[in-house]
Every structure is written in structure tokens, then in C-alpha cells.
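Work through the exercises below with the model open. Try each task before reading its solution.

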Amino acid sequence: MKDVMEKETAKIIESEKNKTVVAEKISGAEAVVKCLLAEGVDLVFGFPGGAIMPVYDALYNYQDNLKHILVRHEQGAVHAAEGYARATGKVGVCIATSGPGATNLVTGIADAFIDSTPVVCITGQVASPLLGTDAFQETDVIGIVTPVTKWDIQITDANEIPEAFAKAFYIAKSGRPGPVVIDITKDAQFQQMEFKYEVCTKIRSYFPKPKIDLAKIEEAAELINKSQKPFLIFGQGVILGQAENELKSFLEKSGIPSAWTLLGLSALPNNHPQNFGMLGMHGNLAPNKLTNECDVLIAVGMRFDDRVTGDVKRYAKQAKIIHIELDAAEINKIIKADVEIHADAKEALFLLTNLIKPKTYSDWINQFKELQKIEYDKIIKHDLYPNEIGLKMSEVVRIVSEKINGDAIVVSDVGQHQMVVARYFNHKNTRSSITSGGLGTMGFCLPAAIGAKLGMPDKQVIAIIGDGGFQMTIQELGTILQTNVAVKVIILNNEFLGMVRQWQQMFFDKRYSQTEMINPDFIKIASGYGLEAQRVTKREELDSAIDKLLNAEAGYVLEVRVEKEDNVFPMIPTGASVSDIRLE
């Protein structure tokens, strides 16, 4: 019996050895779609054109598995992909044709690069024999985007597609995330190939997660344990590394006060007793001023952007700097660290928490609270509960935040309203604040909100936007119309490019050069796109109007006419020290 079983087993093994894996033969265009499905993608944003038409033809047969959102401009596609990625933590995907289609993506690609957003951008390209001939709608997209991508590739042979896509997704989402561009010639899309797909899990010489140096953790813990005035600042690296719980545990054990960069907002609930607000140009008084009084500064997942540091020659010179950062290129780039921890924030904070001693810093915390009170009395109470006749941006944000108890994804554009939203919307949950940080891209908000809502359909998504930025991508109201996505849009209309106007008022003797805007009727435009809309000009109208917006089941536009020359304070003038923060 044993001999029979052994013979049968041998036959089975031999049979398996002789089996040939038959790969599926399909076009390169269909391979693109199958690669996306293999990576778990179920939603893409795009705009068709000649050089990408074969891929769009292939998409036609997969509409039940892969939903395509037709935007009204390619910039809208990449910003929507960014919003989707920022809200969900997944890779966002967008598609465009060659030439102007591809170049219209560049602003969003640069935005994703500087803000570490994982996006895969697929562009069509002219047929390979035409490359370099200045053919119709030919542009060297790889040459253009290389400085603002994590990786890019041009495909001229369909057989390269599966491996290129596997690498693209792995690179986009691993380590410090970022955008990837895949440019595919039209002939490669038509070409027949044998399709096999293997998910990429490693690339030679690419090490997205560094090996942590335990000696550096011990050195940092010793500094922290000896400190009298430690201060922790955290950025988006905490969110990207899913280190929110580790941050909270570290703070609660250590007793150390903390503050956040603009993109770090929502990593820690606003109402946490050790959260003292925002750093930077329009950040809070206490964390900015006390940066130059702490004895140990712990920076986690942030890159010491100039909007945070002000004059670097006068930034935290009295402090020992501990910098925890995944991207080695950011360590010592701007601020010299005394302890360099090249590591994932989640792992580093966990190890550090085990080594620090529980402490209280009553006197030090009281310094933060005293400055908080000064800022509240001088600025915040007047912003949130104004006596002026005209409406303020800040009171609109306060009412929205109170009505939904901070439980929403809030997307903002760039300008005064962005700073007001960051200061006054009270976030409870991570990944609930989405804005353009490093690039400061006006026009980001509306398409990014669409992407966020499609990625998180059960969440309330509110786009708060200025009248200037709104008009840069206003056409994406058409995307809301076609998809019926329930994005709630609040336009804070001051009929100015407000942030530039504030600078002109303060530093250019009120010479308002090309910042006042004559705007169209936003309500008529919204109605033309089939959206319910309302305008508010008086305070007594505001409460019920916000209720109507929040309770709407479909997309909704609320325009609020706010004070034309309202300013955002505190403010650190360009080139000044964080200690020179102004309250007026």
C-alpha cells in the first residue's frame, strides 16, 4: 500500500512539473485595467483623449469593477486623486491623455510630491515611432515631471506594463509616499501581450523603511528625561505612518506639551489637553513663542518648513533638537539635529515611550496656558463671537464645527480662509483635515473634496473655499452634477484675494494691486449645474443656512459674504523669528 501511495504521489509531482502556466493574451490597454484591479483599485479620475483612447476603450468592459469619474479638467483629476488618497490612506489614481492632458496634471503632481501624497498618474503618449518628432499633442512628460515625482517611466512595449504598474504602486505607497507617473505610448496600448501580474513587495537598492538605531532612541530618551521644558511638534508623518495612537501614548506618559504643523492637523484631537495648537505663520501664540524657550524640541514626522521656522538663524537655538523622520533627506536639511532618528514615526514613538519617565511640567504647561489666554482675549473671542455688523470667516467655521461636533472631513483651499479653518475647526478624528500645504495650490479644494467624498461616502465632507480659489476649478461643479456626489461647498466670499491683500495692507502701504475681485453670481452658476444653492449676507441668516447645507442629501453650495478687509492674526512676518509673532 505504501508503494502505491508513493507512486501516485510521484505521478502528481511529475504532472505538476510538466504543467505550463498559460498567460492570458490581451492588449496593453486591457493590461492597464487589469493591473489596476490587481492592485485593488476600484475608482479612478480622468479625462479621455486621443493618445489614451485605447485604455478608455478597455475600461468600457470593466465598468462594474472599476468606476471612472469624468472630471472637467485634468487638474481636477489629480487633485481629486489626492483628496481620495488623503481621506482613505489608499493610492489615488488619475488618467489623462498626452500633451496638454499630461501637462495639466503637473500642478497636482507637484502638490502631491511636496505633500507626500500617494498618487499614480497614467498618461497616454504618441506612438513610439513619433517620439521626438513634435507630433500632434506630443510632450516630453517624463522630462517635465521627473523633478516632482517619486518615480516615473515611459512604456513603449506592452510587455513592460505589469512590472511597471506593480513597481509604481509599491513606490507610491511605501516609505515616504509620493506621486508616480506612467507614460504609455499608443502603440503599446494596442500591442498584444501575455498578461501575468505579480504584486511588488521589494525593489533592489530601495529601502522604504529604515532600520532603527536603538542607540539613538536611548540618547533621545535620556535628553527627554533630563529636560525641564520639553516641547513636541508633529507633522503629517504621524498620519502617514499611522502613528496617532503612539503619539497620544507618548504625550500622555511624558506630560509634554505639543503642537502641530498645518498637515499634522487631526493627528491628535484638538481638545486633547496637551495639544496647544498650530505652529507657523498664522499659528497660535503659545507654541510659536515657546519654541524659542524650550530646552528640548522633539520634531516628529515634519520637515521644518519655512512657514514653521521663520528665520532659521533665530529658531530654537537654546534647545537640543530630536528629529524623528522617515526621509533621511529631511534630517539636518534645515535645522541641525542633536539626535537624528531616521525611522518610522510609529516604531520610534513606541520605543521611545517605553524608555521615558512619567513626569509633570506644571510650570511649563502654565506658560502655554497663559499665552493661550492672551491670544484668546486679544484675538480668538473676537474672531469667534464678533460684535461687528459684517460676518467673519471665523464665526462661519465655528458654527459649522459646533453643529457637527468636529466630526467631518474638512477640505480647504489656500489663503486666509485656509488659516481660519485650520485655527478654528475642532477635529476629532485623524485624516479629517485636507488642504494643500507645501505647494499652496489655489483650486485644490473643490476637486479634492470630490475625491475625499467618493473615497469616504459615509463621511460628511465639507469644502470651505475662498472666492478666488473657487473660480480656479469652478468647472468641477460639473463633476458633482454628473456623479451626484454629496459635497457641501461653503464659499467665503470677501471679493478679494484675501491673503495677498492682507500682505499688501501690512507691508505695501495698502497698495491693493490686482487683488480686488469682481465676481460672478455664484448662486446662478451653482443652479446652472443643477445644485441647490443659497447666499447669506446677514448674521441672522447664517445658522439656518448652515443647517440646510449640512442636512442636504446632495451636493450643496452656500455662499457667505464676509468682511472684505478682515485679517488673520496672529502673524509672523516673512523673515521674522517665531518670537516676533504679531497679534495685530
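**Exercise 1. A network of charges**

Which residues are linked with Arg 176 in a network of salt bridges?

Solution. This is a predicted model, in which local features need pLDDT of at least 70, side-chain atom pairs count only at pLDDT 80 or more, and totals for chains, interfaces and linings use all residues. Residues are numbered from 1 along each chain as its sequence is written, and side-chain values use heavy atoms, with hydrogens and water left out.

Step 1. Apply the rule: a salt bridge is a side-chain nitrogen of Lys or Arg within 4 Å of a carboxyl oxygen of Asp or Glu.
Step 2. Trace the links. Arg 176 joins Asp 327, Glu 330 and Lys 333 in one network of salt bridges.
Step 3. Take the total. The rule gives 28 salt bridges. One of them pairs Arg 303 with Asp 305, with 3.4 Å between the closest N and O atoms.

**Exercise 2. Two pairs to compare**

Locate the salt-bridge partners of Glu 163 and Glu 246, then describe their settings.

Solution.
Step 1. Glu 163 meets Lys 167 at 3.8 Å, N to O.
Step 2. Place this pair. Both residues sit in helix α8 (residues 161–173), four residues apart, so about one helical turn separates them. Helices (H or I, at least four residues) and strands (E, at least two) are DSSP runs, numbered from the N terminus.
Step 3. Check accessibility. Buried means under 20% relative accessible area, exposed over 50%, and partly exposed in between (1.4 Å probe, protein chains only). Glu 163 is exposed at 54%. Lys 167 is partly exposed at 27%.
Step 4. Turn to the other pair. Glu 246 bridges to Lys 346, with the closest N and O atoms 3.2 Å apart. Glu 246 belongs to helix α12 and Lys 346 to helix α15, so the bridge ties together parts that are 100 residues apart in sequence.
Step 5. Glu 246 is buried at 16%. Lys 346 is partly exposed at 34%.

**Exercise 3. The sheet and its helices**

Draw the strand order of the six-stranded open sheet, then add helices α12 and α15.

Solution.
Step 1. Write the order: β11-β10-β9-β12-β13-β14, with parallel pairing. Two strands pair if DSSP finds at least two bridges between them.
Step 2. Mark the edges. β11 (275–278) and β14 (339–342) each pair on one side only.
Step 3. Add the twist, which averages 15 degrees from one strand to the next. Axes are lines fitted to C-alpha atoms, for helices over the stretch in contact, and angles run from 0 to 180 degrees between N-to-C directions.
Step 4. Look at β13 (residues 320–325). Four bridges join β13 to β14 in the parallel sense. His 323 stands opposite Glu 340 in β14.
Step 5. Lay on the helices. Contact means heavy atoms within 4.5 Å. Helix α12 (residues 244–254) lies across β9, β10 and β12, at about 170 degrees to β9. Helix α15 (residues 345–355) lies across β12, β13 and β14, at about 130 degrees to β13.

**Exercise 4. A domain interface**

How many salt bridges does the rule find across the interface of domain 1 and domain 3?

Solution.
Step 1. Set the bounds, which come from an automatic or database domain assignment: domain 1 is 25–194 and domain 3 is 389–561.
Step 2. Count contacts. 24 residues of domain 1 touch 26 residues of domain 3.
Step 3. Count salt bridges across this interface: zero.
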